[in-house]
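Ready for some practice in reading strands and helices? Open the structure below and keep it in view while you work through the exercises.

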Amino acid sequence: MSSGSPPPPSETLAPSGLMGPSLQLERCATGIEGLDNILGGGIPRGNMVLVAGSVGTGKTTLSLEFLVRGAERGERSLFISVTEASAKLIQNLSTFEFFRTELVDQGSLVFVDLPVIYERLGLSNEELNAEEIGILIRTIRDLVRTLGVRRLVLDSLTSVCYRIHKEEQIRDFMLRLGEELKEAGCTSVLVSEIGPNPGRYSLHGVEEAIVDGVILLWNARRMGDILRVVQVVKMRGAAHSRAQYVMELTPIGILMAPHLKGGREGGA
Amino acid sequence: MPPVDIGDRLRSLPGGSAVALKLDPREYADHYFAVLNATLRDVGSETNAHTVYVAVTSPAAFVWTLAQALDVPRERISFVDAISHIMMNYSNPLENATYVDSPRALEEIMLRVEYLLRKFPHPRSIVVIDSVNSLAIHNPPELLSEFFHILLNNLKSRSVLTLVLETSDEEQSGVEQMLNLVVDETIDVARAGR
Ligand SMILES: Nc1ncnc2c1ncn2[C@@H]1O[C@H](COP(=O)(O)OP(=O)(O)O)[C@@H](O)[C@H]1O
Ligand SMILES: [Mg+2]
């Protein structure tokens with residue numbers, strides 16, 4: 001890893017498997033050791049990453065650990081919640097043995113409820129128009145800039161996209177949000193709620209083309225046992241493993257192990 | 001060559017070694033107790049290392065009873081029990097055990113071992129896998145060799161002393177050949193001084 005110089009702004013220097021580590025982008029180590037190993041050190045800083053999976057696959061848990069580990073390292077972290085109340089999420093955090101409430105009290109880990117923001121901004125229409133989308137982006141940008149946010153989670157992108165009906169506008173929303181966050185050096189995770197066998201990673205399908213990375217979570221079965229499986233499908237700027245890993249949510253954080261090949265088939 | 005003492009031999013190994021301990025089925029009880037004694041008492045108590053015991057042959061509760069007879073304190077051993085559920089023997093779960101659904105959940109076993117090693121960190125932890133034969137009953141050979149290859153490499157990189165119990169007589173089975181490829185050495189308990 002090069003020291004001192006700022007990371008190159010574009011992905012044109014993205015490493016191929018043959019390039020030396022000196023050409024790699026600065027990484028934002030997620031702090032989830034297994035994931036950082038898969039990614040070759042972490043998410044390239046400033047990347048916008050989709051974490052996609054059906055309900056209960058661990059998207060929120062993974063996102064929360066990403067933020068807590070960041071806050072612990074002195075990177076201010078922001079969780080924008082759409083469906084679950086912050087208070088409940090903070091309560092859930094206590095299942096992590098490494099979580100300290102001071103992180104929230106000191107403002108290193110900040111929770112914001114998007115419905116509250118919608119209300120304050122007067123965004124009450126079921127469908128957001130272009131202007132309102134612009135307001136939403138600027139509001140998030142200002143939050144990130146004012147607080148100096150280095151890690152951001154939006155849980156979930158899907159529920160925001162339910163209010164943006166035109167594909168064109170979703171594309172625009174994501175491109176602009178991505179630019180703003182990248183400029184701020186903020187690494188982001190956007191949670192995508194999908195069905196168990198969706199054939200794509202997001203509500204409309206355009207989202208996954210725009211983001212820099214896609215991490216897919218699902219439940220696999222082997223001879224009646226259910227395993228949580230994780231796979232990094234794409235990550236710009238990182239020569240990463242594309243293999244499948246089994247993950248476990250534990251009080252000391254998410255642990256990962258290789259998904260043994262001999263066990264992929266076999267049904268319930 | 002004079003017989004080696006199992007405990008002495010294990011103590012002399014460099015950190016991160018993986019060892020197969022070969023038990024003769026005709027003297028199983030004797031050999032098994034010798035191995036527990038050498039592992040939990042000789043090696044474990046000297047270094048104060050934490051032992052993670054993967055129980056696939058007998059339930060953790062049974063092994064824990066033997067460990068107590070050897071005066072092993074509770075904080076020095078924890079179990080990954082992969083057999084109690086399928087033997088329907090789960091009514092009194094141990095406090096120092098974590099239970100996986102079946103011996104087929106190999107990834108789960110790896111993850112629980114990792115969990116316990118992190119929970120009880122020690123520069124020279126010990127992992128006991130009891131046994132390769134029991135795992136082989138429930139898993140196809142390719143899966144099992146993949147499991148051992150990944151697990152033992154991982155444990156080696158963390159300087160964990162890994163002991164794999166193996167029950168066999170003269171004939172070399174496929175399981176043994178596989179195990180030979182992944183361990184650093186095999187100790188034949190029948191030939192070792194105790
Ligand atoms: N630290 C933890 N240890 C064990 N189980 C957990 C932990 N955190 C969450 N879970 C469980 O994992 C499941 C998935 O949680 P969640 O992250 O909310 O999934 P998703 O956001 O994908 O719907 C839930 O059933 C939850 O109870
Ligand atoms: Mg969720």
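The exercises below deal with a predicted model, and each task is followed by a worked solution.

**Exercise 1. Sheet order in chain B**

Task: Find the order of the strands in the open sheet of seven strands in chain B, and name its edge strands.

Solution:
- Step 1. Walk across the sheet from one side: the order is E4-E3-E2-E5-E6-E1-E7, and the pairing is parallel.
- Step 2. Look for strands that pair on one side only: these edge strands are E4 (97–99) and E7 (185–188) of chain B.
- Step 3. Compare the directions of neighbours: on average, neighbouring strands of this sheet are turned by 20° against each other, direction ignored.

**Exercise 2. Strand E6 of chain B and its neighbours**

Task: Work out how many residues of strand E6 (residues 161–167) of chain B are buried, then describe how E6(B) is joined to strand E1 of chain B and to strand E5 of chain B.

Solution:
- Step 1. Use the cut-off for burial, under 20% relative accessible area. Six of the seven residues of E6(B) are buried, and the strand is mostly covered.
- Step 2. Turn to E1 (residues 18–23) of chain B: six bridges join E1(B) to E6(B), and the two run parallel. Here Lys22(B) has Glu166(B) as its bridge partner.
- Step 3. Now take E5 (residues 126–130) of chain B: four bridges join E5(B) to E6(B), again with the strands running parallel. Ile126(B) is found opposite Leu161(B) of E6(B).
- Step 4. Continue from E5(B) to strand E2 (residues 51–55) of chain B: five bridges join these two strands, which run parallel. Val54(B) has Ile129(B) of E5(B) as its bridge partner.

**Exercise 3. Two helix pairs in chain B**

Task: Classify the packing of helix H2 with helix H3, and of helix H6 with helix H7, all in chain B.

Two packed helices are described by the angle between their axes and the distance between the axes.

Solution for H2(B) and H3(B):
- Step 1. Find the angle: the axes of H2 (residues 28–47) and H3 (residues 60–69) of chain B come within 10 Å and cross at roughly 65°.
- Step 2. Apply the cut-off: angles of 65 to 115 degrees count as roughly perpendicular, so H2(B) and H3(B) are roughly perpendicular to each other. The crossing is right-handed.
- Step 3. List the residues that meet: Tyr32(B), Phe33(B), Leu36(B) and Leu40(B) from H2(B), with Val63(B), Leu66(B) and Ala67(B) from H3(B). This contact has seven nonpolar residues, no polar and no charged ones.
- Step 4. Place H3(B) on the sheet: the helix lies across E2, E3 (77–81) and E4 of chain B, and runs at about 160° to E3(B).

Solution for H6(B) and H7(B):
- Step 1. Find the angle: the axes of H6 (residues 141–157) and H7 (residues 174–182) of chain B come within 10 Å, with a crossing of roughly 20°.
- Step 2. Apply the cut-off: angles under 35 degrees count as roughly parallel, so that is the class for H6(B) and H7(B). Their crossing is right-handed.
- Step 3. List the contact: H6(B) contributes Leu144(B), Ser145(B), Phe148(B), His149(B) and Leu152(B), and H7(B) contributes Met178(B), Leu179(B) and Val182(B). Six of the contact residues are nonpolar, two are polar and none is charged.

**Exercise 4. Strand E7 of chain A**

Task: Explain why strand E7 (residues 187–193) of chain A counts as largely enclosed, and find the residues opposite Leu190(A).

Solution:
- Step 1. Count the buried residues: they are six of the seven in E7(A), so the strand is largely enclosed by the rest of the structure.
- Step 2. Pair E7(A) with strand E3 (residues 48–53) of chain A: the pairing is parallel, over six bridges. Leu50(A) stands opposite Leu190(A).
- Step 3. Pair E7(A) with strand E6 (residues 151–155) of chain A: this pairing is also parallel, over four bridges. Here Leu154(A) stands opposite Leu190(A).

**Exercise 5. A glutamine in chain A**

Task: Decide whether Gln169(A) is buried or exposed, and find its contacts.

Solution:
- Step 1. Locate the residue: Gln169(A) lies in helix H8 (residues 167–183) of chain A.
- Step 2. Check the accessibility: the relative value is 17%, so Gln169(A) counts as buried.
- Step 3. Leaving out residues up to four places away in sequence, Gln169(A) touches Leu128(A), Asn129(A), Ala130(A), Ile133(A) and Ile164(A).
- Step 4. Set this against the chain: 54% of the 268 residues in chain A are buried.

Terms used
Residues are numbered from 1 along each chain as its sequence is written. Chains are lettered from A and ligands numbered from 1 in the order in which they are written. This is a predicted model: local features need pLDDT of at least 70, side-chain atom pairs count only at pLDDT 80 or more; totals for chains, interfaces and linings use all residues. Side-chain values use heavy atoms; hydrogens and water are left out. Axes are lines fitted to C-alpha atoms, for helices over the stretch in contact, and angles run from 0 to 180 degrees between N-to-C directions. Angles under 35 degrees count as roughly parallel, over 145 as roughly antiparallel, 65 to 115 as roughly perpendicular and the rest as oblique. A crossing is left-handed if the near helix is turned anticlockwise from the far one by less than a right angle, and right-handed if clockwise. Contact means heavy atoms within 4.5 Å. Ala, Val, Leu, Ile, Met, Phe, Trp, Tyr, Cys and Pro count as nonpolar, Asp, Glu, Lys and Arg as charged, and the others, Gly among them, as polar. Buried means under 20% relative accessible area, exposed over 50%, partly exposed in between (1.4 Å probe, protein chains only). Two strands pair if DSSP finds at least two bridges between them.
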